[in-house]
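Here are my notes from going through the model you sent over. Have it open while you read, and shout if anything looks off.

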Amino acid sequence: NKDNVTLIEHSPYCFGKILDFLRAKHLCSLGLCREPPRPSVSEHKRDMFETVVRYYFPGESSALFMGIENMSSVSMNEARKKSVFDATLVTIMNLGSHTDTGVYINTIVADLVSQGYAEGEVRNAVSHLSNEGHIYSTINENHFQCAE
């Protein structure tokens with residue numbers, strides 16, 4: 001539908017790396033090229049790249065881009081925890097960029113539950129990010145904004 005446009009506000013650098021890799025993977029699946037190497041990301045963009053990848057490719061699927069091979073169940077749990085923290089932060093960045101009042105906790109939860117995260121882990125992530133100073137409450141204790 002031409003009237004339904006989705007704006008993705010993230011680094012063009014990171015999305016370029018992701019799209020180039022996915023295009024190469026597709027060509028490889030058609031037998032047109034060899035298996036592509038994982039994206040090479042400059043050191044100063046690495047954290048941003050990992051955040052974007054974990055947001056759009058949560059859980060085990062992020063390993064495709066970041067080379068996390070044969071993860072143990074303990075490291076998978078740690079990756080899942082980091083993934084929900086990253087996804088929560090990105091959601092608050094995206095939704096909060098349009099308002100000074102912050103993002104309502106139930107809006108954050110609904111957005112992330114629709115992506116496959118459990119409500120409890122999202123609420124824990126909000127609490128953790130707030131305690132660590134990555135986000136802060138705005139008009140009351142149920143509205144949050146990014147500190148960065």
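The points below cover the sheet, one strand residue, a helix and a surface patch.

1. First, a caveat: this is a predicted model, so read everything below as a description of a prediction.

2. Let's start with the sheet. It is an open one, built from 3 strands in the order S1-S3-S2, with antiparallel pairing. The edge strands are S1 (103-104) and S2 (135-137), and each of these pairs on one side only.

3. Next, the pairing of S2 with S3. Strand S3 covers residues 143-146, and S2 and S3 run antiparallel to each other over 3 bridges. If you want a place to check the register, look at Ser-137: its bridge partner in S3 is Phe-144.

4. Gln-145 deserves a look of its own. This residue lies in strand S3. Is Gln-145 buried or exposed? Its relative accessible area is 10%, and the cut-off for buried is under 20%, so Gln-145 counts as buried.

5. What does the side chain of Gln-145 reach? It comes to 2.9 Å from the backbone oxygen of Thr-99. Leaving out residues up to four places away in sequence, Gln-145 also touches a list of others, including Ile-92, Gly-96, Ser-97, Asp-100 and Gly-102. Ile-135, Tyr-136 and Thr-138 are among its contacts too.

6. Now helix H4, which spans residues 73-96 and holds Met-93. Leu-89 sits in H4 as well. The two residues differ in cover: Leu-89 is buried, at a relative accessible area of 12%, whereas Met-93 is partly exposed, at 36%.

7. Two C-alpha distances are handy for orienting yourself around H4. Met-93 and Val-103 are 10 residues apart in sequence, and their C-alpha atoms are 9.1 Å apart in space. For Leu-89 and Ile-108, the separation is 19 residues along the chain and 9.6 Å from C-alpha to C-alpha.

8. Last, the surface. Which residues form the nonpolar patch with about 210 Å² of accessible area together? They are Leu-19, Leu-22 and Leu-64. Leu-19 belongs to helix H1, residues 12-29. With a relative accessible area of 38%, Leu-19 is partly exposed; patch members need over 30%, so Leu-19 clears that cut-off.

Conventions. Residues numbered from 1 in each chain as written. Predicted model: local features only at pLDDT ≥ 70, side-chain atom pairs only at ≥ 80, totals over all residues. Heavy atoms only, no water. Pairing = 2+ DSSP bridges. Helix = DSSP H or I, 4+ residues; strand = E, 2+ residues; numbered from the N terminus. Patch = residues over 30% accessible without salt bridge, like charges linked within 9 Å, V, L, I, M, F, W, Y side chains within 5 Å. Areas by Shrake-Rupley, 256 points an atom, 1.4 Å probe, with all protein chains shown as cover. Salt bridge = Lys/Arg side-chain N within 4 Å of Asp/Glu carboxyl O. Buried < 20%, exposed > 50% of the residue type's maximum accessible area, 1.4 Å probe, protein only. Polar contact = N/O pair within 3.5 Å; in protein donor to acceptor, adjacent residues only side chain to side chain. Contact = heavy atoms within 4.5 Å.
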